[in-house]
Amino acid sequence: MRSVGRPRIGVVVGLLLLSGAVHASDVGRCGVCHSDIRVQFDAGIHKSEGFACVNCHGGNPASDDMKIAHGGSFKGVPGRREIPPLCASCHSNIELMKPYNLATDQYALYQSSQHGRLLAQGNPDVAVCTDCHGTHEIRPRSDPQSSVNITNIPKTCGRCHSDAKIIAKYKLPSDPSAEYYGSVHAAALYKAGNLNSPDCSRCHGVHGAAPPGVGDVSKVCGQCHATARRYFDMSPHKEALAAGGNPECASCHSNHAIAPADDKVLETTCHSCHEPGSTALGVATQIEAEIARARVGVREAEKLVEEAEEVPLEVDDYRSRLEDARTYLTEALPVVHSFSVKEVRDVTGRATSISEEVSVEVQEKIDRLRWRRYGLIIFWFYILVTIALLVRWRYGLEKSAPGAGA
Amino acid sequence: MGDARTRAGRVLDWLEVRLNITEIFSFLTNFGLFTAELDTKKPLRSALDEALARPMPSYARWPRVLGILTMLLFLLQCLTGTLLALYYRPTPEAAYDSVRMIVRDVTLGWFVQQVHFWGSALLIVILLIRLLRFFYDAIYKPPRELLWVIGFLLFIATTHADFTGKVMTFDSRNYWSATRSLEIFSHLPVVGSLFVFLAGGGDLSEVTLVRFYLAHIFILPTVLFILFYLHFQGVRHLGLSHREGEQSEGGRLVYHRYLLNLSILLTVVFALLVTVAVLLPHPFAAPPDLLSTPAGARPPWYLLPVYGFFEILPRWVPMPFKGSIVVLLGVGICILPFLDRSAPVQPSGRRGVIILGAMLLLIALLLGVYGYRHA
Ligand code: HEM
């Protein structure tokens with residue numbers, strides 16, 4: 001034991017000396033024995049803010065005699081229910097938090113959350129501050145290694161919410177993290193690196209974590225998908241879904257495992273409520289056809305432009321016009337939520353007319369290249385005439401020369 | 001007609017008082033148009049009459065037209081190349097855009113560029129065919145050793161012009177093709193390493209582009225010009241070679257026939273060049289992507305046999321060894337006249353040498369195909 005402990009102590013003492021005497025007195029001598037914890041603490045944000053062990057654990061940091069160090073105000077390991085008020089003793093202090101521009105209502109929000117409420121009832125399963133933020137090695141949210149960095153949140157929440165043993169006791173979805181990882185939001189976050197894509201907390205709240213109620217889902221989604229929401233509010237679905245007590249967005253898109261919004265959403269989801277042969281399904285098919293037609297048109301125009309570019313012909317103008325057409329295609333997707341063929345056609349029609357114009361103009365440009373070939377025919381006509389004349393001359397020469405042709 | 005002739009004659013007379021036109025014409029004959037020496041002290045017309053009165057070998061035979069054809073194709077390259085150089089900008093940032101401007105925005109720029117491209121390929125092919133004919137007809141036996149050496153150097157210098165020209169385009173296909181070629185060069189001892197050194201290293205940088213540009217529009221054309229001069233000077237000096245049973249004829253008729261043959265061939269070649277340039281425009285790829293090699297980025301065709309040779313031998317054969325064989329073979333071909341010292345005989349008498357040559361050619365072709373498949 002001692003032979004293992006000694007080098008570590010040496011390292012820590014070395015570190016202490018190196019890191020300068022400035023913090024030495026603040027941090028104290030706890031690390032002499034608790035060297036592993038000391039290493040974790042040093043990696044966290046609290047260390048650099050002059051925070052020390054004694055602030056949470058009490059005791060006398062000046063002594064390395066265990067009895068003296070663990071005497072007096074010593075608290076040891078705080079119990080789970082003590083943790084939120086302990087953190088809040090600083091984090092709800094406006095004066096202390098001001099320089100960091102950190103919110104101070106987190107404790108209040110926590111107490112209003114399902115986590116906080118159940119904790120107050122003595123529930124041992126719910127999350128307290130340290131479950132998400134860590135204990136000694138607390139890193140800021142901006143640090144990619146932090147357990148509360150946006151990229152790590154689904155894993156952090158999933159530690160409990162995707163743990164079958166814990167979640168079986170509650171009426172909650174069984175594995176939301178796995179569902180999230182398969183969703184379009186996760187693809188945007190992890191594959192495209194879009195940090196604006198929502199993690200768990202974006203919809204459920206951070207410290208005031210609560211499931212959005214049935215009526216709230218569209219409010220949450222609408223924060224980002226504002227246009228989709230506007231068109232949805234105009235649509236007949238709005239009242240119909242509310243009347244049936246169904247969630248607005250999630251009825252078609254599900255909640256955590258949200259699939260990309262391609263044409264297939266219409267194909268697969270409408271059937272679950274609408275009878276085959278109904279007008280509603282007719283509208284869905286028509287909308288789908290509108291979008292597909294516009295998309296095919298744009299794609300064909302793009303292919304033609306690529307072909308022209310290889311010649312090469314000047315196509316910069318066509319490229320930027322097709323960029324506009326692409327934008328209209330993207331705009332058409334939220335408009336689908338109006339479930340009105342006319343509204344959709346208003347937008348896809350613009351994409352179609354641009355791509356048709358571009359196709360015609362580029363095709364004309366390519367066709368004009370044919371003149372090069374027609375020119376070739378005329379060219380060969382003159383070449384053949386020239387060759388014929390030359391050959392005649394050449395062999396005439398031979399004949400007229402007496403005794404030639406040996 | 002008669003009127004025009006006398007007018008032209010009067011202009012010539014006027015000039016002849018002031019310049020030695022015969023001297024100038026005599027200098028031009030060093031580039032293959034006319035292969036007899038002129039008496040430069042006489043006025044042009046009488047000097048020509050005198051030269052044409054001498055009997056000449058019946059040099060209106062077709063293969064002999066190839067010589068002047070290479071010279072004319074070289075001049076065509078200079079003409080089209082000068083037009084291209086008016087718009088070309090030799091920096092890595094601007095090269096691609098300037099070539100795209102030439103082929104896209106400049107009136108008939110595409111045509112000039114295609115003719116320059118196909119003219120280059122044709123020139124190399126004809127130089128190669130000419131070497132084969134020299135070999136077949138043993139036009140390297142004394143006193144024509146230097147004609148062969150210079151002919152070989154012409155071929156090598158022209159491939160260099162082709163190579164540097166393609167790098168200048170700086171599109172992705174040529175960029176990667178050149179990068180791979182430089183790799184092949186780097187395996188050739190002495191000559192290859194020297195080339196890579198002159199190119200400024202194994203990858204294409206701004207230095208490479210500027211050096212290649214200088215080489216392409218100045219150094220190599222000058223070298224080619226000097227080589228052509230030496231070559232045709234030698235031909236004029238030695239007179240045309242005779243084949244067995246070939247007779248001499250009256251010079252005027254022979255020369256007349258030669259000029260007409262040349263005109264016919266030239267018309268056909270020019271027509272083919274234009275046709276290929278219009279119907280088979282070589283595509284102009286995207287700007288180079290330094291991270292991905294596009295499909296079809298192979299070394300140019302004249303390097304494929306070398307590449308095939310490197311690839312077909314097992315891996316354990318050391319690269320320097322493979323490279324040395326290629327270099328030795330090249331040097332051997334170059335100094336062939338000093339290696340094959342048998343008496344100068346007609347093709348029928350040198351069957352052994354010809355079969356050896358044909359086998360080498362076949363192997364080179366097969367290696368080329370192999371190289372193409374594996375590149
Ligand atoms: C025997 C002589 C020459 C040969 C074999 C030759 C060959 C070539 C080749 C193969 C290219 C690349 C074309 C392409 O891939 O599109 C090229 C490009 C070029 N050459 Fe030459 N060339 C010769 C002489 C010249 C001369 C004398 C000049 C100028 C005075 C010149 C100017 C250019 C220019 C500016 C380019 C770049 C533009 C382009 O890529 O089309 N060339 N040359």
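How many residue pairs are in polar contact across the interface of chain B and chain A? The rule finds 3 such pairs, both residues being at pLDDT 80 or more; a polar contact is a pair of N or O atoms within 3.5 Å, where within protein one must be able to donate a hydrogen and the other to accept it, and residues adjacent in sequence count only if both atoms are side-chain atoms. The model is predicted, local features need pLDDT of at least 70, side-chain atom pairs count only at pLDDT 80 or more, and totals for chains, interfaces and linings use all residues. Residues are numbered from 1 along each chain as its sequence is written, chains are lettered from A and ligands numbered from 1 in the order in which they are written, and side-chain values use heavy atoms, without hydrogens and water.

The interface involves 24 residues of chain B in contact with 21 residues of chain A (contact means heavy atoms within 4.5 Å). About 2,200 Å² is buried between the two chains, 71% of this area coming from carbon and sulfur atoms; buried area is the accessible area (1.4 Å probe) that two parts lose on being put together, summed over both. Arg104(B), Leu260(B) and Ile264(B) supply 24% of the area that chain B buries against chain A, more than any other three residues.

Between chain B and chain A the count is 1 salt bridge (a side-chain nitrogen of Lys or Arg within 4 Å of a carboxyl oxygen of Asp or Glu). Arg104(B) forms a salt bridge with Glu314(A), with the closest N and O atoms 2.7 Å apart.
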